[in-house]
Amino acid sequence: MPEGPSVRKFHHLVSPFVGQQVVKTGGSSKKLCPTTLQSLWLQDTQVHGKKLFLRFDPDEEMGPPASNPLPEPLQKGAQEEEAVAPEPALGPNSQKTSDEPSQPTELDPHGLDVPESLWGESPATGAQRWLQVSFGLFGSVWVNEFSRAKKANKRGDWRDPVPRLVLHFGGGGFLAFYNCQMCWSPSPVVKPTCDILSEKFHRGQALEALGQAQPVCYTLLDQRYFSGLGNIIKNEALYRAGIHPLSRGSRLSASCLEALVDHVVQFSSDWLRGKFQGTPQHTQIYRKDQCPAGHQVLKEALGHPGGFQRLTWWCPQCQPQLPPEEPQQLQHP
Ligand SMILES: [Zn+2]
């Protein structure tokens, strides 16, 4: 799924449409009926971590519609509609341990999501004015053009991807959203102090979280502390800081943890800048067989026991394991 830098780029693409009215809608989303956005005005857009938020208001002159002209809510099964596009063939063992989530989107168990009871599928009336967009593995936003098939599918068809939502605006342009989940929410959950790409990112808070007695590779993906950080940034920052992914944060020195946070911020910012300059971000360890020093790279699915396992790449030489912890004092007098 797109990480923080990609979603920031999407936000940049959407921003010029703020202040315009939706004049025509389209898209395959069944959970969120695209026609509910008809005639609404895009009033604001925000990005937080890996989520994009769009605020829609009805025209002040008209007020909210008196009656709800929407079709009946679709049956439960239709919600599966929002599932991501089929993932590329990754081999027989790629199911759960694959780096690519096979679920519709990766829902962070400890994420910043508002309670589900506050979510709605209703249009932007009353308090539910923010459309929250969470992107799947192939999630993207296109401006004034549609995504085209890059290759034939398994059946040999060249079928273009189907956008979940298309919004045509009064200014003549349009936005197409692909491979994403959308829902209405009362307000964006704003915690810029956790957003690795926000100027307000709070290093102290991040360092404290990393200092927990659990593997740092778990903490890095925890969106409560590192909103916008995904698997690529995790692997790259750990490699650049020379830290073994399973090192417990509580056993790392303050300077080690500082270096890790520095690399998280540096790599993410470079990636974001590259997106605007059209230069791809180079990875040193993610999906590599060898590290830049020529060592053999190890790969394993790591995560909280019972939780979502993410493929992790590391160099056993550049990122050595910490020595075993001192055993409890066992000696008898
Ligand atoms: Zn190495």
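The following questions and answers concern the zinc site, the nonpolar cores and the salt bridges of a predicted model.

Residues are numbered from 1 along each chain as its sequence is written, and side-chain values use heavy atoms, with hydrogens and water left out. Because the model is predicted, local features need pLDDT of at least 70 and side-chain atom pairs count only at pLDDT 80 or more, whereas totals for chains, interfaces and linings use all residues.

Me: Which arrangement do the 4 donor atoms around the zinc ion make?
Reply: The zinc ion is coordinated at 2.2 to 2.3 Å by Cys291 (SG), His295 (ND1), Cys315 (SG) and Cys318 (SG), where donors are N, O and S atoms within 2.8 Å of the metal (3.2 Å for Na, K and Ca). Four donors count as tetrahedral if all angles lie between 85 and 135 degrees. Since the angles here are 99 to 119°, the arrangement is tetrahedral.

Me: How many residues apart are His295 and Cys318?
Reply: The donor residues of the zinc ion follow the spacing C-x3-H-x19-C-x2-C in sequence. His295 sits in the loop between α5 (254-277) and β7 (298-302), while Cys318 belongs to the segment after β8 (310-314); helices (H or I, at least four residues) and strands (E, at least two) are DSSP runs, numbered from the N terminus. The pair thus links distant parts of the chain, with a separation of 23 residues.

Me: Is Cys318 buried or exposed, or does it count as partly exposed?
Reply: Buried means under 20% relative accessible area and exposed over 50%, with partly exposed in between (1.4 Å probe, protein chains only). Because its relative accessibility is 25%, Cys318 counts as partly exposed.

Me: Which element gives the largest share of the largest nonpolar core?
Reply: A nonpolar core is a set of buried Ala, Val, Leu, Ile, Met, Phe, Trp, Tyr and Cys residues joined through side-chain atoms within 4.5 Å. The largest has 38 residues, and those touching the most other members are Ile196, Leu210, Val216, Leu220, Phe226, Leu229 and Leu260. Two or more residues of this core come from each of α2 (203-210), α3 (216-220), α4 (231-241), α5, β7 and β8. The largest share, 7 residues, is given by α5.

Me: How many residues apart in sequence are the parts that Arg8 and Asp195 tie together?
Reply: The side chains of Arg8 and Asp195 meet in a salt bridge at 3.1 Å, N to O, the rule being a side-chain nitrogen of Lys or Arg within 4 Å of a carboxyl oxygen of Asp or Glu. Both Arg8 and Asp195 are buried. Arg8 lies in helix α1 (residues 4-14) and Asp195 in the loop between β6 (174-185) and α2, so the parts tied together are separated in sequence by 187 residues.

Me: Which residues do salt bridges that share partners join into one network?
Reply: Arg129 and Asp57 meet through their side chains in a salt bridge of 3.2 Å, N to O, with Arg129 in the loop between β3 (51-57) and β4 (130-143) and Asp57 in strand β3. Arg129 counts as partly exposed at 27% relative accessibility, whereas Asp57 is buried at 5%. The network joined by shared partners consists of Arg55, Asp57 and Arg129.

Me: Which helix holds both Glu236 and Arg240?
Reply: Glu236 forms a salt bridge with Arg240, their closest N and O atoms being 2.6 Å apart. Glu236 counts as buried at 0% relative accessibility, while Arg240 is partly exposed at 27%. The two residues are 4 residues apart, about one turn of the helix, and both lie in α4.

Technical notes. Four donors count as tetrahedral if all angles lie between 85 and 135 degrees; four count as square planar and six as octahedral if opposite donors are over 155 degrees apart and all others between 65 and 115; anything else is irregular.
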